[in-house]
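Biologist: Got a minute to go through a model with me? I'd like to talk about its core and its aromatic rings.

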Amino acid sequence: MANMILQAIAIHSQSMQIPDCPRGWESQWIGYSFVMHTGAGDQGGGQSLQSPGSCLEDFRPSPFIECHGVGTCNYYSTTISFWMTTVESNQQFRAPQPQTLKAGNLRQRISRCAVCTKRTY
């Protein structure tokens, strides 16, 4: 079989509902909608929301560690991650209300997502 290039996209629901893939596409995994992270100083990164890298299978408030080429890894408490929140349909075009979330309740406000690949026949 020749090398195949698959088209893959991430779909985000902005709710706790896992979104369906478009017709003709298949779900590869489901996850949580990741937007970006920051590091020390002006360091940080993110990716396009259509990228599969924006749909992480597991939610972790600080999902990154930095590994060096000499076999050591570090976790930095100053790293901050940003996740897409859920938005109720009746609140979509209103100013967001500030809310403090406790450690055990974070997942209830993180958007769900699915990574989909186009079917090839």
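Modeller: Sure, here is a quick run through the core and the ring pairs. It's a predicted model, where local features need pLDDT of at least 70, side-chain atom pairs count only at pLDDT 80 or more, and totals for chains, interfaces and linings use all residues. Residues are numbered from 1 along each chain as its sequence is written, and side-chain values use heavy atoms, leaving out hydrogens and water.

Biologist: Which residues make up the largest nonpolar core?
Modeller: Tyr32, Phe34, Phe59, Trp83 and Ile110, 5 residues in all. A core here is a set of buried Ala, Val, Leu, Ile, Met, Phe, Trp, Tyr and Cys residues joined through side-chain atoms within 4.5 Å, and buried means under 20% relative accessible area with a 1.4 Å probe, protein chains only.

Biologist: How many aromatic pairs?
Modeller: The count comes to 3; Phe, Tyr and Trp rings (six-membered ring for Trp) pair if their centres lie within 6.5 Å, with planes under 30 degrees apart stacked, over 60 edge-to-face and the rest tilted. Tyr32 and Phe59 have ring centres 5.9 Å apart and planes at 55°, so that pair is tilted.

Biologist: Is Phe59 buried or exposed?
Modeller: Buried, at 8% relative accessibility. Its ring centre is 4.8 Å from that of Trp83 and the planes are at 65°, so this pair is edge-to-face.

Biologist: Switching topic, what sits over the ring of Tyr32?
Modeller: The charged end of Arg112, 4.1 Å from the ring centre. That call needs NZ of Lys or CZ of Arg within 6 Å of the ring centre and within 35 degrees of the ring normal.

Methods. Buried means under 20% relative accessible area, exposed over 50%, partly exposed in between (1.4 Å probe, protein chains only).
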